[in-house]
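Let's take a friendly walk through a protein and the ligand it holds. Have the picture open beside you as you read, and look for each residue as it comes up.

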Amino acid sequence: MRMAQHPTPQLAPVRQRASVCFTRARRTLPIVKTAAPGSTVGAGAPVPDSVPSGVSFEGYDKGAAERYLREENPYPRALASVDEPDGGALYAGKRAVVVGAGPAGSTAAMFLARQGFQVEVYERRPEPKHDAVDTGRAYIIILIPRGQAALKELGVKLPEDEHFRTLGTVSHNAKGKTRVSKEEGNVTFSRSGLAQWLIDTARRRYPGRITYNFNVTAEEIDFKDKKIRFGTSGGMMSPARHVSYDLLVGTDGVASQVRGALAGYWGREGQAYNVEVDDSGREYKVYMGLKGNIEPPEFAGKTGASLHLYTSDDPFTSFTAHSNPDGTYSGTFSLQTGGFKDLHAPADYEALMKAKFKGVPEDWIPAAAQQLAAATPSPAGKRVRVSRMWGPGTVLLGDAAHAVTPVFGQGANSALESCLVLNQALAGAKGDVDAVPQLFNGLRLEDAHSLYELDRKAYSFFRRKGPFDPDFLQLLAHVILGTILSKIVPFIYGSRPALLRLGSGIPYSQITAAVARDAKLAVVLLLALVAFTAAKLLKLI
Ligand SMILES: Cc1cc2nc3c(=O)[nH]c(=O)nc-3n(C[C@H](O)[C@H](O)[C@H](O)COP(=O)(O)OP(=O)(O)OC[C@H]3O[C@@H](n4cnc5c(N)ncnc54)[C@H](O)[C@@H]3O)c2cc1C
């Protein structure tokens, strides 16, 4: 089956970074050797980013390896406590192909490797640290307990560097009033930083079991014969690579080609396959490198990441500032889709920012305006719903299966949670690789659909259809009634409304059920109140 081809990504110059060479070993202890400076790593061999412990080393120069890590690796290390493949070997001898090396791809790869698969990850872009277009910390991802649970299950320690610790969010409203919410226990990454950290962790924990291939794009899938064709960047002359697999994992993001191919497959089989993709209706541009003293007393002098959210009278228009380890701030400026077309010169941005936001430091406005006028807008997220997250020998997870807009900060967190569910399916299938996809679908589909529903309902805030928008009223009823009930009957209702516990691992389907239940209860209580008042007025009681 043919799939639409992505445009060839711009290639950043790839640094030669091999002073340590790792031989490819299958189910045996890996051997680490030093290589001559400047030599390249053998084809397909993974380059470790830390020294694995608990493995045997022959001809291994520890000093050289540590120097390499210190000097070459700009990303946090000291992450994994166990570097030897752990877990079972249920799927020993099976090959898993993962399409996409985003947060979901690397996390899924680790679960697969832990269950015994030989895993190959294929990514159409360069490795994040070599990708010039994807550096910077303007677009951040906060890992909350829901996403952290997958890493905990894998035994992966979160970065210990203080700068990754989330201090919390400072909300600046349209009138300039601020509200501080402390968020202890969360970890803040840049989007590419999270992807790179997971790649580094996967390589370190499963050397020889997980290999990464960059600048290769999935182009064609034969689901019946379990074969996938990848094109390598470099124009028409570059060779295609055909790869066989036992399990294919589509983690290729919101515009997933694996999903597109699955839709074609199910269509040819005469089975309905629905994919809904909604746009968030917002676009954003990024700026970087601004300095200023904007922290509230709660965060002043503390090391950690803070997020400042400046809102305006129009819910689509917002400005964020995120603290970086070097003391600068970077962030995004968002508008309703199409809004950037009316802004041309830096002066246009300055005028809009002055009119819309209170509290953005005055000297930031001209500097940010300069950068914003020169930047290209990106869409601020899409929402995806698929009727099946599987096909023969194939699972779909992460944004490819259930992307959401950034409104609740659930995208990457739900992607990692899906990897945890994949792990449950792997265990449940007890080594029967063909049973995994349907099992995974059965365990995850309802929650993925509930997540879509929550995101869609939350979007009523942006649409502002008015006070009688049923989506808005349902969420409002749940939050207000739930807060009251949790105060007066916590032993029956629980500690907080489920929606306010979104960060925990509470299943999305339970949250949508709680929203629907409380909305109904609110209607019943309202009707009872009206009936009571009418009866009182008519002196019936
Ligand atoms: C502005 C914005 C803010 C966000 N903020 C948050 C937040 O605060 N918290 C949160 O949890 N989430 C947030 N998200 C969402 C989050 O970024 C995604 O949910 C997350 O990155 C999904 O991970 P993934 O691995 O499924 O997909 P991706 O990160 O999209 O990774 C997919 C990978 O597949 C590769 N690929 C695509 N096609 C192919 C192909 N054919 N062959 C090979 N490789 C391919 C891509 O290059 C990419 O590297 C935000 C998103 C946006 C847009």
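Start with the ligand: 32 residues surround it, and Ala104, Glu123, Tyr139, Asp399 and Ala412 are the closest. Keep in mind as you look around that this is a predicted model.

**Contacts with the ligand**

Which atoms of the ligand pair up with Pro103, Gln257 and Asp399? The table sets out these pairs.

| Ligand atom | Partner in the protein | Distance |
|---|---|---|
| oxygen | polar backbone atom of Pro103 | 3.3 Å |
| nitrogen | N or O atom in the side chain of Gln257 | 3.2 Å |
| oxygen | N or O atom in the side chain of Asp399 | 2.7 Å |

How much of the ligand does the protein bury? Taken alone, the ligand exposes 1,000 Å², and the protein buries 89% of that area.

**The shell around the ligand**

Sorted by class, the shell holds 13 nonpolar, 13 polar and 6 charged residues. Several elements each supply at least two residues of this shell: helices H2 (103-114) and H9 (411-428), along with strands S4 (118-123), S5 (140-143) and S10 (216-222).

**Helices that cross**

Helix H9, which supplies shell residues, also meets another helix. The axes of H9 and helix H3 (residues 145-154) come within 7 Å and cross at roughly 40 degrees. The two helices are therefore oblique to each other, and H3 passes H9 in a left-handed crossing.

Now find a second pair, helix H6 (residues 346-356) and helix H7 (residues 364-374). Their axes lie 8 Å apart, and the helices pack at an angle of about 130 degrees. Because of that angle, H6 is oblique to H7. Is their crossing left-handed or right-handed? H6 and H7 make a right-handed crossing.

Terms used:
Residues numbered from 1 in each chain as written. Predicted model: local features only at pLDDT ≥ 70, side-chain atom pairs only at ≥ 80, totals over all residues. Heavy atoms only, no water. Near = heavy atom within 4 Å. Polar contact = N/O pair within 3.5 Å; in protein donor to acceptor, adjacent residues only side chain to side chain. Areas by Shrake-Rupley, 256 points an atom, 1.4 Å probe, with all protein chains shown as cover. Helix = DSSP H or I, 4+ residues; strand = E, 2+ residues; numbered from the N terminus. Nonpolar A, V, L, I, M, F, W, Y, C, P; charged D, E, K, R; others polar. Axes fitted to C-alpha atoms, helices over the stretch in contact; angles between N-to-C directions. Parallel < 35°, antiparallel > 145°, perpendicular 65-115°, else oblique. Left-handed = near helix turned anticlockwise from the far one by under 90°.
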